[in-house]
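Trainee: Could you take me through one part of this protein in close detail? I would like to look at the sheet and what surrounds it.

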Amino acid sequence: MGVDGSIEPIDESKLARCANGDEMEGVKFPKDTLAYKFQSNPENLSENEMREAIVAAFRVWTSVTTIGFLEVSRGEEADVTFDFSTITQTDDGMGPKVVQTINSGNGKIIVFNSDTKWINATPEENSTKTFDLRFAALHAIGHELGFDHSPYSRSVMYPIFLQKRSSLNYEQRDLDEFDVENAKKFYGSMYETVEE
Ligand SMILES: [Zn+2]
């Protein structure tokens with residue numbers, strides 16, 4: 001905060017972000033169940049902590065879609081593979097790219113940048129070095145379910161990750177109204193209400 005108590009503007013261009021382009025064309029996930037697996041672990045989280053964060057992210061999407069999520073072992077085929085490796089940082093004046101979706105011949109790979117310190121907790125406000133795995137997973141899984149980047153900063157699909165908003169309460173980082181509305185486009189049936 002500034003000396004007069006005002007909140008200093010955040011330079012969003014320096015914040016951690018998704019490496020995917022803004023002009024993606026989202027399509028509804030074509031199956032009832034999304035199979036996923038882990039290829040590697042982050043350095044500073046145990047396998048259990050990593051799994052906990054990813055499962056928590058899946059659980060959030062379960063509340064607004066009709067998709068089920070199933071972990072399969074490394075040798076099996078999966079729709080989504082989670083991997084921790086280096087994401088090439090282009091010198092574009094933007095903040096660090098911490099997550100990226102890659103098309104492989106065999107499903108998608110969600111890459112979390114291995115140079116980022118991933119945690120399974122509320123990070124320091126707007127930190128560009130420490131990052132909450134659950135939130136990045138929530139965003140990346142959103143892409144798999146067909147959601148593009150959102151222009152609304154409160155949406156989990158906003159390409160720049162405003163950790164500040166998230167730090168208020170760990171459980172409040174769930175979906176914004178925009179995300180819920182967006183989910184209805186593809187997975188609307190579960191929202192049908194009974195007309196009186
Ligand atoms: Zn993204």
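Mentor: Happy to; here is a walk through the sheet, the helix on it and a nearby topic, the annotated loop. Keep in mind that this is a predicted model. For orientation, the protein contains four helices and eight strands, and along the sequence they follow the pattern β-β-α-β-β-β-β-β-β-α-α-α.

Six strands make up an open sheet with mixed pairing, and their order is E1-E5-E6-E4-E2-E3. At the edges stand E1 (17-18) and E3 (68-71); each has a single partner strand, so one side of each is left without a neighbour in the sheet. Further in, E2 (residues 33-38) and E4 (residues 80-85) run parallel and are joined by three bridges. One residue pair to find here is Phe38 with its bridge partner in E4, Phe82. Helix H2 (residues 133-144) packs on this sheet, where it touches E1, E2, E4, E5 (97-103) and E6 (108-113). The direction of H2 makes about 30 degrees with that of E5.

Now follow the chain from E4 towards E5. The loop between these strands holds Asp92 and also Gly93. UniProt, in an unreviewed entry, places the feature "binding site" at these two residues. Asp92 has 8 other C-beta atoms within 10 Å and is therefore exposed; Gly93 has 7 within that distance, so Gly93 is exposed too, as 12 or fewer counts as exposed.

For the protein as a whole, 33% of the 196 residues are buried. Among contacts with a separation of 6 or more, 73% link residues 24 or more positions apart.

How values were computed. Residues numbered from 1 in each chain as written. Predicted model: local features only at pLDDT ≥ 70, side-chain atom pairs only at ≥ 80, totals over all residues. Helix = DSSP H or I, 4+ residues; strand = E, 2+ residues; numbered from the N terminus. Buried ≥ 20, exposed ≤ 12 C-beta atoms within 10 Å, placed from the backbone. Contact = placed C-beta atoms within 7 Å. Pairing = 2+ DSSP bridges. Axes fitted to C-alpha atoms, helices over the stretch in contact; angles between N-to-C directions. UniProt positions renumbered as here; feature names shortened; annotations may be inferred.
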